[in-house]
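Q: Please zoom in on one part of this model and walk me through it closely. I'd like the detail first and the wider setting afterwards.

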Amino acid sequence: MANRYILQITLLLSFSTVSLSVSYNLLQLQQRNSSLACQELLKKLKGKPEYCHDDSMDFKFPEEIKQPQQFRKEKAALVIQEMLQNILDIVRRSFSNTVWDETIVKNLLLELHQQIDSLKTLLKEKLEEKGITWEDSKTIPRLKGYYWRIRRHLKAKHSSICAWTVVQVELFRNFSFVNRLTDCFQD
Amino acid sequence: MAQLKVKVQARKAATQIKGSCLFMDLEKSRGATSREILNRNRDKCLHKAVSSQSSKWRSQDRNTDTISSKTSLGGLSPQEQAPLENSDGLLCPHSGVGKAGSSTGPVRQSLIKAERLPVVRTIPELSTGFGPGARFHSVKVWIPSHSPHPGRRPCVQPAVTAHLVLPPRRIPSATLLEPESRTLDSAPRSTKRSQPAKDRKWLGRGRGFLSYAPRRRSLLGPTALVLVAGASWPSPAASDEKSLKPPQKVEVSIIDDDFTLKWNGSQESIRNVTFSADYITSEMDNWIKLPGCQHITGSKCNFSSLDINFYENITLRIRAEEEKHTSLWYHTDTFIPFEKAHLGPPEVRLEAEDKAIIIYFFRPGRKDDTSIWDMDTTSFSFSLIFWENSAHTEQQIETDHYMDKIYNLSPETTYCLKAKARLPLQNRSGVYSPVYCINTTVEHKPPAPENIEVGTQNQSYVLKWDYEDRNVTFRAQWLYAFSKLIPGDNLDKWKQISNCENVRTTYCVFPQNIFLKGTYFLRVQASDGNNTSFWSKEKKVNTEMYYTIFPPDISMKSTSDSLRVFVTAPKEPWNRFHPFIYEIIFWENTSNTERKIIAKEMDIAIPNLQPLRLYCVKARWHLLEDERNKTSAFSAAVCEQTKPGTFSTMWIVIGILPLLVIVICVMKILQRCLNYVFFPALKLPCSIDENFSEHSFGNLLLSTSEEQTEKCFIIENTQSVIIAEQTNEIDEDCKKYDPQTSQDSGNYSYEGETLESQISEELLQQKVLSPGMIS
């Protein structure tokens, strides 16, 4: 009777919403795990020498990313991808410095690369299917300006231990912002 | 007598002078420092301004020659006599009595009130101090600068000074030396773009009547000594009259690291017009000169050496310059260099093997870390079009890596390609590079191994490949996958797998713990002692794939005709792979037929089931990656019984009982109503009942005839009066009184006269008591 059809219809409707969001749900799981792993690895890197206090700086992380409640899922994914790419870019330059343990750095790079790869696949799929209108906002340039300032700090301090320590702290914070962005994948 | 005509004009015709005082000193000095003279003049200025003794200065006198230093004025042409009235007053920087200074000649001053320029002043006669042959005559024109502070008075500074040497009488010419010009640059700068050519500029550059071409001779008659500049007015003045226009159609073009500023200089190139530009970013407070764009003569300049944050807003401004004149600034729109930049073509380097081509990409832009694209190095992807030179069928290849290989080619063939760089995250695409072609080599011996596969066995990886010859040794190497995102040759980053060095078998086994969790590339090479083969096709290996996948957990919810199955997501480390599917197999407990469902969602309903049956479900994962499907084991079977029947029959059953009850109640109520209406239980009192026993009640109810009605009162007791209407013959009826209550009886038997009054009284009483008819 009517009751049976209603059940079918509601199930059908729930399918369509579920199937769209399941990849984001999974991505959320993946990303959370990855961020956790990365933070653990960052912690393992050589600790902060005490004489580096004065070097703490404000690199002006874009404010709108700190509070990403308004972000659509695609924008959150794009921003996370950009952040991970830039973090990878900074970390790979640390090979020249002797401060950090190479094995841990490689581990970190592997972890970052894995997550970037899976995000890449998802983004390609999502952006193709939706024909997304690319972000006009200046979030991405501001974000990149932030990483540029970190890079410049490293250059200015000639990649000293203190400079890399500051960067380590900064990258650790980055992952907490990534976690906030990951929450956007929640329905 | 010589005359000196001074014309003071602005670059633009008829400019308003801010402040209304303009004055001119004409003096002859012999060695006195101009500063002292200035002081003196300034003092005078102050004195005059403050005292506002205009009367002294109004002079019609054309004949004044000498001017005492106190009383000023002279040589005012009639039409331009001007009392010095400056409502603002004038504040002279060095007030107070100036030094007397060394000997100077007499000073002739003119104070002009002028509001508009040009101003022409003819000094009709030169005093004896001024005369032919005199050496230094300085003409100074002063103008108050525009005070930036509304409350304060403007300062007066000498704007322009020129030194004249008047020729001896016989030689009617004058030489104009290089003017010493001072500008009012020290005046506070106005930041308004729209302000017309500033006072300081037009005067400061020695314009107007003063030419800055040194030692210009002009042939002028002694009588009307139009100033030297007068003669030479046409040439510089003509062009000077047209003020310098700022450049037009300014554009910024950024391709990779090449930053170009282009404009349309509207001036003709005959003139010595140069252009200079400044820049300012959102982090800076002041404009800074743009390197590489200072004093450019052409119409474009290159400022690639700028070292700024490419992700911040920047604004440029440019102006035209000509010796000492400049145009206004033209400001470009604020832009972010990173956003404005265009991707150029990538650089491509090819290496040929016999059956493959190695392609090395270099991202657009400078190779070092000052490039605008440096921070995006790992985000680049390359899109190339590849074809065999003779065939012209094109193949499009996309790659994320800086080193890529195209396999399965023929030896000794020419292949060509062109590539473009892309930044997919920003939806940016560059231009195609030029076409590169290369020939593959002759077939190489020994051939490369093929069909690499990776499997697991116990706690080890097993690397297998195909090879035809026997007498070769192999070695295998590995590389971190992320290395491919970094440009440059990765030759030095491939590492040897120790268990796979010089093996003779077409497989090798190595422990799993060599590799940390991540993605790697593996390759194998054969060697027959003398020659080595080319490397095999690289195999991408994700070590996580080779960990055991645990089967999913299932939970179910049942309805009467369907089951909802909930499958849990893969646990660590598999949860990073979203391209996986579930396979669910379910069967009815009693039967053997199994049905399979493959789904992507974690939440599935199996419809069309029979109610009240036991169904069992088991599930497993399929991981889809590359060619290899990785499958988990099946989970344990979970059984659930479907609910009985359909909801609707139950509802009917449930619904009927109360319905029946309701119906019964309703029936009962109806019945009661009917009974009440048609068969009332009420009984009439006995008396009436007796009375009306002959006449059924039916008559009462149904009779419609209206007979004469008389009211009849039956008194039951003194306290109540019953009024009954009676349609029948009443007489006999009404005569039946209740013997107990009637008071009539017995009273009517007396008919005595004496009693008539009593009777009548009683009758009256009766009437009162029961006002009825007594027959």
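A: First, the ground rule for pairing: two strands pair if DSSP finds at least two bridges between them. Strands themselves are DSSP runs of E with at least two residues, helices are runs of H or I with at least four, and both are numbered from the N terminus. Residues count from 1 along each chain as its sequence is written, while chains are lettered from A and ligands numbered from 1 in the order in which they are written. The model is a predicted one, so local features need pLDDT of at least 70, side-chain atom pairs need 80 or more, and totals for chains, interfaces and linings use all residues, with side-chain values based on heavy atoms and hydrogens and water left out.

Let's start with the open sheet in chain B, three strands in the order 26-27-30 with antiparallel pairing. Its edges are strand 26 (450-457) and strand 30 (507-511) of chain B, each pairing on one side only. From one strand to the next the twist averages 20° (axes are lines fitted to C-alpha atoms, for helices over the stretch in contact, and angles run from 0 to 180 degrees between N-to-C directions). Strand 27 (residues 460-466) of chain B runs antiparallel to strand 30 of chain B, and five bridges join them. One of the residues to click on is B:Lys464, whose bridge partner in strand 30 of chain B is B:Tyr507.

Now hop to strand 12 (residues 274-281) of chain B. Eight of its eight residues are buried, so the rest of the structure largely encloses it (buried is under 20% relative accessible area, exposed over 50%, partly exposed in between, with a 1.4 Å probe and protein chains only). In a regular strand, side chains alternate between the two faces of the sheet. In strand 12 of chain B, B:Thr274, B:Ser276, B:Asp278 and B:Ile280 point one way, B:Phe275, B:Ala277, B:Tyr279 and B:Thr281 the other, and all are buried.

Strand 12 of chain B has antiparallel company: eight bridges tie it to strand 15 (residues 314-322) of chain B, and two bridges tie it to strand 13 (residues 288-289) of chain B. With strand 13 of chain B it makes a hairpin that leaves six residues between the two. B:Tyr279 is a handy landmark, since it stands opposite B:Leu316 in strand 15 of chain B and has B:Ile288 in strand 13 of chain B as a bridge partner.

One more spot is B:Gln525, in strand 31 (residues 519-527) of chain B. B:Gln525 is buried at a relative accessible area of 7%, and its side chain reaches the backbone oxygen of B:Ser533 at 3.0 Å. Beyond four places in sequence, its contacts (heavy atoms within 4.5 Å) include B:Pro449, B:Phe474 and B:Trp535.

How far to trust all this? pLDDT is the predictor's confidence in each residue, from 0 to 100. Chain B averages 68, with 52% of its residues scoring at least 70. Among its elements, strand 25 (residues 436-439) of chain B has the highest mean, 94, and helix 3 (residues 199-204) of chain B the lowest, 33. Residues 145-160 of chain B stay under 50. Where pLDDT is low, the predicted coordinates should not be read in detail. Chain A, with six helices and zero strands, averages 80, and the model scores ipTM 0.84 and pTM 0.55.

Key:
Polar contact = N/O pair within 3.5 Å; in protein donor to acceptor, adjacent residues only side chain to side chain.
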